[in-house]
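Please open the structure in your viewer and keep the selection panel at hand, since each stop on this tour begins with something to select.

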Amino acid sequence: MFQTAINNYLNTHHYERIELKAVLFDMDGVLFDSMKGHAIAWHESMKQYGMHLEPAEAYEHEGRTGAKTINIVSMRERGREATEEEIKAIYQKKCDIFNSLGAAPRMPGALEVLTKIKASGITPVIVTGSGQTSLLEKLNNNFPGIFDPQLMVTAFDVKYGKPNPEPYLIGLKKAKVQPNEAIVVENAPLGVRAGVAAGIFTIAVNTGPLPDEALLKEGANLLFHSMNDFNSNWDTFYKALQE
Ligand code: MG
């Protein structure tokens, strides 16, 4: 069932096999059902600074660092980049609004699939554009014992952020694995682009309002419609990798 997707990846990259040692997980929209909140927070914070960003547009920017998103919107709305101070203020406002919405729930199916992955001796790694200070605590509360704090790539580790392959390349480095020893799990088009550009087998999980095509056209190797869907297919997929 998954053999075609796996073979296409192997042929493209001239690998013999995927020897799975690490799974690189995006966080928002994959591990947490948090994208609705981020979309509202982006819309409201930009509005307070006289700029317009539709909540739906936030999904298209998902994965970028806050500074990049602010600059793209600022260029469009005001014909100039935002100053360092504006970026700080807008991003802080965005975080305050997001936090005021209450904690985003864990994505259904995420803990279940992570538990299976971990039990197989595979290392789960977080690769997120988020720069929340409470990130570690949030992960520990929702996914106790799953993630190693040393094996995380956040906004603080990267210069470019997604869609540049950089965050995923850093993830490989931290996990001490090669591109064909990992897979990426992403919900955002720009995140899929980053995973594919890093040369890693990239699974898209479409948990948001964008059409599947938005993820497939970025080169996703496989697509699931939810983390529950990914979880129920995990055993079959993992077996297919070992064949
Ligand atoms: Mg995401």
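The lining of the second largest cavity, where this tour begins, is made up by class of six nonpolar residues, one polar residue and no charged ones. Keep in mind from the outset that the model is a predicted one. To see this cavity, select Leu136, Leu139, Asn140, Phe143, Phe147, Pro149 and Met152, which line the space, and whose enclosed volume is about 30 Å³. Now colour helix H7, residues 135–142, because the largest share of this lining, three residues, comes from that helix.

Next, go to the largest cavity, one of two cavities of 30 Å³ or more in the count. Select Tyr59, Glu62, Asn187, Ala188, Pro189, Asn206, Thr207, Gly208, Pro209, Leu210 and Leu215, the residues that line the largest cavity, and you will have surrounded a space of about 50 Å³. Its lining divides into six nonpolar, four polar and one charged residue.

From the cavities, turn to the largest pocket, which holds about 810 Å³ of space. Start with Gly66, Tyr91, Gly129, Ser130 and Gly131, which lie nearest the centre of the pocket among the 36 residues that line it. Then show helix H2 (35–48), helix H3 (55–61), helix H4 (66–78) and helix H5 (84–100), the elements that each give two or more residues to this lining. Of these, H5 deserves a colour of its own, as it gives the most to the lining, with 10 residues. If you colour the lining by class, you should find 11 nonpolar, 15 polar and 10 charged residues.

Where does the largest pocket lie with respect to domain 1 and domain 2? Colour domain 1 (2–33 + 107–242) and domain 2 (35–100) separately: both give residues to the lining, so the pocket lies between them.

The next selection is strand S4, residues 182–186, which is mostly covered, five of its five residues being buried. In a regular strand the side chains alternate between the two faces of the sheet. Select Ala182, Val184 and Glu186 for one side of S4, and then Ile183 and Val185 for the other, and you will see that both faces are covered, with all of these residues buried.

Keep S4 in view and add its partners. Strand S1, residues 22–25, runs parallel to S4 and is joined to it by four bridges, and within this pairing alanine 22 has alanine 182 as its bridge partner. Strand S5, residues 201–205, likewise pairs with S4 in the parallel sense, over four bridges, and here valine 184 stands opposite threonine 202. Now add helix H9, residues 189–197, and follow the chain from S4 through the helix to S5, since these elements make a right-handed β-α-β unit.

For the last stop, select proline 167, which is found in helix H8, residues 166–175. Is proline 167 buried or exposed? Its relative accessible area is 3%, and because buried means under 20%, proline 167 counts as buried. Finally, show alanine 194 together with proline 167: the two are 27 residues apart in sequence, while their C-alpha atoms are 7.8 Å apart in space.

Note on methods:
Residues are numbered from 1 along each chain as its sequence is written. This is a predicted model: local features need pLDDT of at least 70, side-chain atom pairs count only at pLDDT 80 or more; totals for chains, interfaces and linings use all residues. Side-chain values use heavy atoms; hydrogens and water are left out. Buried means under 20% relative accessible area, exposed over 50%, partly exposed in between (1.4 Å probe, protein chains only). Two strands pair if DSSP finds at least two bridges between them. A crossover is right-handed if, with the strands pointing away from the viewer, the path from the first strand over the helix to the second runs clockwise. On a 1 Å grid over the protein atoms alone, a cavity is a set of points where a 1.4 Å probe fits but cannot get out, and a pocket is an open set with protein on both sides within 12 Å along at least five of seven lines; lining residues have an atom within 4 Å of a point. Grid points are joined across faces, edges and corners, and a volume is the space filled by probe spheres set on the points. Ala, Val, Leu, Ile, Met, Phe, Trp, Tyr, Cys and Pro count as nonpolar, Asp, Glu, Lys and Arg as charged, and the others, Gly among them, as polar. Domain bounds come from an automatic or database domain assignment.
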